[in-house]
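Let's take a walk through this structure together. We'll start at one end of a helix and finish at the ligand.

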Amino acid sequence: MSLLNENKGIWVYSESRDLALEMLGKGRELADQMKTQLNAIIIGHDVQGEASELMKYGADKVYVADDPLMARFQSDVYLSVLYNLAINHKPNIILVGSTKNGKPLAARLATRLETGCVPDCNRLSVDENGRLVGERITYGGNAIARVAFITKPQIATVPARAFEKPEPQSRQGQLVKLEVKTETPKTELVEAKPLQTSSARIEEAEAIVSCGRGLARKEDKALLDELASIVHGQVSCSRPLAEDRKWFTEWVGLSGHKVKPKLYIACGLSGVIQHVAGIRDSKVIVAINKDPEAPIFEIADYGVVGDLYEIVPALKDALEKMMR
Ligand SMILES: Cc1cc2nc3c(=O)[nH]c(=O)nc-3n(C[C@H](O)[C@H](O)[C@H](O)COP(=O)(O)OP(=O)(O)OC[C@H]3O[C@@H](n4cnc5c(N)ncnc54)[C@H](O)[C@@H]3O)c2cc1C
C-alpha cells in the first residue's frame, strides 16, 4: 500500500512515556506548520487514564488500545494495532520512539505498509513540498544523512532526548477507544526480567562522569561515584566497559545513549567518533586523559593531561573545598 497524497495528521507512539512526550513536543510544532492534527497512540492494559496527559503535551486525539493481552509489549500484537489504525485512518507521518521495542516495531510496520522507515532521527523538519525530512548520524558518526520520504505514511523513529519535552498546557483532546481485534501472536512471551540499570535515565542527567578503558579495575568505579555525587551527576561509560567488561549495563555513544548534560567529564576515554556521537550536544566537556594526543581533547572545552587516578581525586577535593 502506498498512501501518497493522504495527509491525515501526525501520529506519535512510544511505550516510553517520557519519549512519547518529547515526540509530542516536536510533533506539535510540525503539525502546526502543516496545519494538521497531532494524534497519539497508547497500547497496554489499564492505560486509558493516561490519555489526558498526552493531550496536555500536545495531542489533539489519543487512540487507546486497552486489553489484558497488551499488558506487556508483544511485537505481533502491538504491530497489528498500529497496522489496523494506519490502514483505517491513513496518517501522513508516524513517529515511533527509538527504543529496543520501538525500532523493530517501526521497521515491521513500514514493511507491512510498503513504505519507508528512517531510524534514529535526531532532527525532523518539513521541506517545501510538505515532505518529512529526517536527519540521522551515519557512517559511524562521521556524517549526517538528510533523508526525505517518497511514500506515505512517512515513518521515522526518534531517540530519547533528541527533542525537549514541552511544558504541559491546560488543553483537552478527544479520546478514541479502539476495538481491539488482534491477530494470534506467532510468539509467546515466556518470561520478562527487568534489566538492572540505574534508576534514573542517563538522558535526564545534568552532569555525567564517564569512564573508558583507562579505568583499570571495576572497583575503581567508586572514584567516579564520588566525583559524580559532588557534581550531582550520574556515572556512565564507553561501550567496551559495558559490552566487553560487563562493568556497566549501558553506555553512551552512537550505539548507546545520546546525552545532553550541562557537564560531561570524560575520564580515561579516548573519545573516538562513536563515543563522541553520543555526547556532542553536551554543554561543557571536560576530558582527563594521560595521552595528550587523545581525540577527546579535540572536542573538550577543558582538558587535563594526566593520570585519572591522580586527577579525579584531586578534582573531587578541589570541588569539595570550593563548595564548603
Ligand atoms: C558500530 C560501532 C558502534 C560503536 N558504538 C559505540 C558507542 O556507542 N559508544 C562507545 O563508547 N563506543 C562505541 N564503539 C566503540 C568505539 O569504537 C571505541 O572502541 C570505544 O569508544 C573506545 O572506548 P574507550 O575510549 O573507553 O577505550 P580506548 O579507545 O582504549 O581509550 C582509553 C583511553 O584511556 C586513556 N587512559 C588509559 N589509562 C589512563 C589513565 N590511567 N588515566 C587517564 N587516561 C588513561 C588512554 O590514553 C586512552 O585514550 C562502537 C564501535 C563500533 C564499531
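Keep in mind as we go that this is a predicted model. A good place to begin is D307, which caps the N-terminal end of helix α9. One of the side-chain oxygens of D307 sits 2.8 Å from the backbone nitrogen of Y309.

From that cap, follow the helix along. Helix α9 runs over residues 308–323, 16 residues in total. Going from the first C-alpha of α9 to the last takes you 22 Å, close to the 22 Å expected at 1.5 Å a residue.

Now, which residues of α9 are buried? They are L308, I311, V312, K316 and L319. These buried residues span an arc of only 130 degrees around the axis, so they end up on the same side of α9. Look at the other side of α9 and you'll find E310 and K321, which are exposed.

And what covers that buried set? The cover includes helix α5 (221–230), along with the strands β13 (263–267), β14 (284–289) and β15 (302–305).

Let's move on to the ligand. There are 25 residues around the ligand, and the ones that come nearest are R213, S238, S255, S270 and N289. For N289, an N or O atom of the side chain is 2.8 Å from an oxygen atom of the ligand. The backbone joins in too: a polar backbone atom of G268 is 3.0 Å from a ligand oxygen, while a backbone N or O atom of K290 lies 3.2 Å from a ligand nitrogen. On its own, the ligand has 980 Å² of accessible area, and the protein covers 75% of that.

Methods. Residues are numbered from 1 along each chain as its sequence is written. This is a predicted model: local features need pLDDT of at least 70, side-chain atom pairs count only at pLDDT 80 or more; totals for chains, interfaces and linings use all residues. Side-chain values use heavy atoms; hydrogens and water are left out. Helices (H or I, at least four residues) and strands (E, at least two) are DSSP runs, numbered from the N terminus. The expected span of a helix is 1.5 Å times one less than its number of residues. Buried means under 20% relative accessible area, exposed over 50%, partly exposed in between (1.4 Å probe, protein chains only). The arc is that of the directions from the helix axis to the C-beta atoms. Contact means heavy atoms within 4.5 Å. A polar contact is a pair of N or O atoms within 3.5 Å; within protein, one must be able to donate a hydrogen and the other to accept it, and residues adjacent in sequence count only if both atoms are side-chain atoms. A residue is near a molecule or strand if one of its heavy atoms lies within 4 Å of it. Accessible areas come from the Shrake-Rupley method with a 1.4 Å probe; for residues, only the protein chains shown count as cover.
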